[in-house]
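Trainee: I would like a close look at a single part of this protein, set against the whole chain. Please take me through it step by step.

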Amino acid sequence: ADMAHDVRKRLERLKPYEDTGLTPEQIQKLKERDTAKAPEVFDGHWYKCPTCGMYAGGLKGDFCHRCGQRLKWEVE
């Protein structure tokens with residue numbers, strides 16, 4: 001009965017992930033994309049996304065406009 005209870009508890013914990021319709025690999029990819037990464041900054045104005053390599057300038061957004069990577073800006 002102890003093992004059956006353990007299995008039931010594990011299945012209950014996995015249910016929300018199953019309901020997303022996403023594979024474990026897709027969930028991991030989304031988690032990585034949502035983990036803030038510092039972009040490469042050039043001349044204080046241009047920057048490059050650390051994930052997809054897109055170059056951008058002007059306003060420093062919280063996410064890459066191409067791939068959606070969360071960006072972490074150093075406090076200046």
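In what order do the elements of the protein run from the N terminus on, and what is found around Gln69?

Mentor: Bear in mind throughout that this is a predicted model. From the N terminus on, the elements run α-α-β-β-β, that is, 2 helices and 3 strands. The overall form is worth setting out before we turn to the detail: the C-alpha trace spans about 65 × 25 × 15 Å along its principal axes, and the radius of gyration is 19 Å, whereas a compact globule of 76 residues would have one near 11 Å. Buried residues make up 12% of the 76 residues, and the accessible surface comes to about 6,400 Å², with 55% of it belonging to carbon and sulfur atoms. Among the contacts with a separation of 6 or more, 32% are accounted for by residues 24 or more positions apart.

Against that background, Gln69 lies in the segment after strand 3 (55-57). With a relative accessible area of 1%, Gln69 counts as buried, because the cut-off for that class is under 20%. The side chain of Gln69 reaches the backbone oxygen of Arg33 at 3.1 Å, and Arg33 is also one of the residues in contact with Gln69 when neighbours within four places in sequence are left aside. That list further includes Glu32, Thr35, Ala36 and Lys37, as well as Thr51, Asp62 and Phe63, and it holds two cysteines, Cys49 and Cys64.

Those cysteines deserve a careful reading. A disulfide is a covalent bond between the sulfur atoms of two cysteines. The count of disulfides here comes to 0, for a pair of cysteine sulfur atoms within 2.5 Å. Cys49 is in no disulfide, and the nearest cysteine sulfur, that of Cys64, is 3.8 Å away. Cys52 has its closest cysteine sulfur in Cys64 as well, at 3.7 Å, which is too far for a bond because the cut-off is 2.5 Å. The surroundings of Cys49 and Cys52 can be set side by side: Cys49, at 2% relative accessibility, counts as buried, while Cys52, at 27%, counts as partly exposed.

To draw this part together, Gln69 is a buried residue whose side chain reaches the backbone oxygen of Arg33 and which is in contact with both Cys49 and Cys64, and the sulfur of Cys64 is the nearest cysteine sulfur to that of Cys49, without a disulfide between them.

Methods. Residues are numbered from 1 along each chain as its sequence is written. This is a predicted model: local features need pLDDT of at least 70, side-chain atom pairs count only at pLDDT 80 or more; totals for chains, interfaces and linings use all residues. Side-chain values use heavy atoms; hydrogens and water are left out. Helices (H or I, at least four residues) and strands (E, at least two) are DSSP runs, numbered from the N terminus. Buried means under 20% relative accessible area, exposed over 50%, partly exposed in between (1.4 Å probe, protein chains only). A polar contact is a pair of N or O atoms within 3.5 Å; within protein, one must be able to donate a hydrogen and the other to accept it, and residues adjacent in sequence count only if both atoms are side-chain atoms. Contact means heavy atoms within 4.5 Å. The radius of gyration is taken over C-alpha atoms; the globule rule is 2.2 Å times the number of residues to the power 0.38. Accessible areas come from the Shrake-Rupley method with a 1.4 Å probe; for residues, only the protein chains shown count as cover.
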